[in-house]
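Student: I would like to learn how to read a structure like this one, step by step. Could we begin with what it takes for a residue to be called buried?

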Amino acid sequence: LAAMAAKCFGALSLCCGGREGGRQSRIYLIRHGETVWNADRRIQGQLDIDINDTGMKQAQGVANALDQLGILRKIDAVASSDLQRASRTADIIAAACERSPPRKLDPQLREIGYGKLQGSQSDSEQSKLLQQSTFEAWINGDLSKGFPEGETGAEFFERIVQGLRDAARLGKAVVVVAHGGLIRWSAAQMASSQEEAKRLVKSPIVNCCCSTLVYDHDLDLFTAEEWFVDLQKAGGLK
């Protein structure tokens, strides 16, 4: 995926390991809590659906897990997508932080713009075929392909990388609450091979799972530490 990353991000590198650098920020990248549409398997995209009662419990659960790991006392800022399901989850996490960190809402951190597919069943035949063909194109480096009345791969990747870069500039330790598609395709871009990218794209991403990235400000480089960890079931981050 090196050619795809270069085409989309210019000088920015995304990878699994990097050269020795300087100033760094750690991003705790968390998927939002569950919504009714998640439970119903409907495609939300950029439609503004709030979290449900289960999602509220998941958000509190991941906040508690981060607190038990000693992470919340280090947090300098909490950023999120401006969509309710992400912002509500982020607010719950921010409220559990010791230092009352500043909050940032950033539309660059929104989910993929699925266009006409938004609101449809994700497991319908039409939806599955369109998602499969679009995502295969992205994996193979064709970022011009997108969803009808939605985003192309180039538009999507450009904004999410800028959103993550902007979040990293908020401090040394930053919580970012975003969406499954954003997290999944961030992982694909940081994969060391096309085979790994394919595996990551197909990996389950449960609500309120946590991935950890390190951003080197001097090298303009993201490094992945862990992907899709369910802190409410796992023993914690490494």
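Tutor: A residue is called buried when its relative accessible area is under 20%, and exposed when that area is over 50%. Please keep in mind that this is a predicted model.

Student: Is Asp166 buried or exposed, and why?

Tutor: Asp166 counts as buried because its relative accessibility is 18%, and the cut-off for buried is under 20%. Asp166 is found in helix α6, which covers residues 153–168.

Student: Which residues is Asp166 in contact with, once its neighbours within four places in sequence are left aside?

Tutor: With those neighbours left aside, Asp166 is in contact with Lys104, Asp106 and Gln108. With Gln108 there is a polar contact from side chain to side chain, at 3.1 Å.

Student: How should I read a whole helix, for instance α4, and which of its residues are buried?

Tutor: The general idea is that an α-helix has 3.6 residues a turn, so residues three or four places apart point the same way. Helix α4 runs over residues 84–96, and its 13 residues reach 18 Å from the first C-alpha to the last, close to the 18 Å expected. Its buried residues are Arg85, Ala86, Ser87, Thr89, Ala90, Ile92, Ile93 and Ala94, and the elements that cover them include the strands β2, β3, β4 and β5 as well as helix α3.

Student: And strands: how do β6 and β7 pair?

Tutor: In a regular strand the side chains alternate between the two faces of the sheet. Here β6 (residues 210–216) and β7 pair in the antiparallel sense over six bridges, and Cys210 has Val229 in β7 as its bridge partner. The two strands form a hairpin with four residues between them, where Asp220 in the turn has a positive phi of about 50°. Strand β7, residues 221–229, is mostly covered, since eight of its nine residues are buried.

Student: Where should I look for the nonpolar interior, and how many residues does the largest nonpolar core have?

Tutor: The largest nonpolar core has 42 residues, and those with the most contacts inside it are Leu29, Trp138, Val176, Trp185, Leu213 and Trp227. Helix α6 gives this core its largest share, seven residues. Apart from this core lies another, of 23 residues, among them Tyr28, Ala65, Ala173 and Leu231.

Student: What share of the whole chain is buried?

Tutor: Of the 238 residues in the chain, 55% are buried, and the chain as a whole has eight helices and seven strands.

Terms used
Residues numbered from 1 in each chain as written. Predicted model: local features only at pLDDT ≥ 70, side-chain atom pairs only at ≥ 80, totals over all residues. Heavy atoms only, no water. Expected span 1.5 Å × (residues − 1). Buried < 20%, exposed > 50% of the residue type's maximum accessible area, 1.4 Å probe, protein only. Contact = heavy atoms within 4.5 Å. Polar contact = N/O pair within 3.5 Å; in protein donor to acceptor, adjacent residues only side chain to side chain. Pairing = 2+ DSSP bridges. Core = buried A, V, L, I, M, F, W, Y, C linked by side-chain atoms within 4.5 Å.
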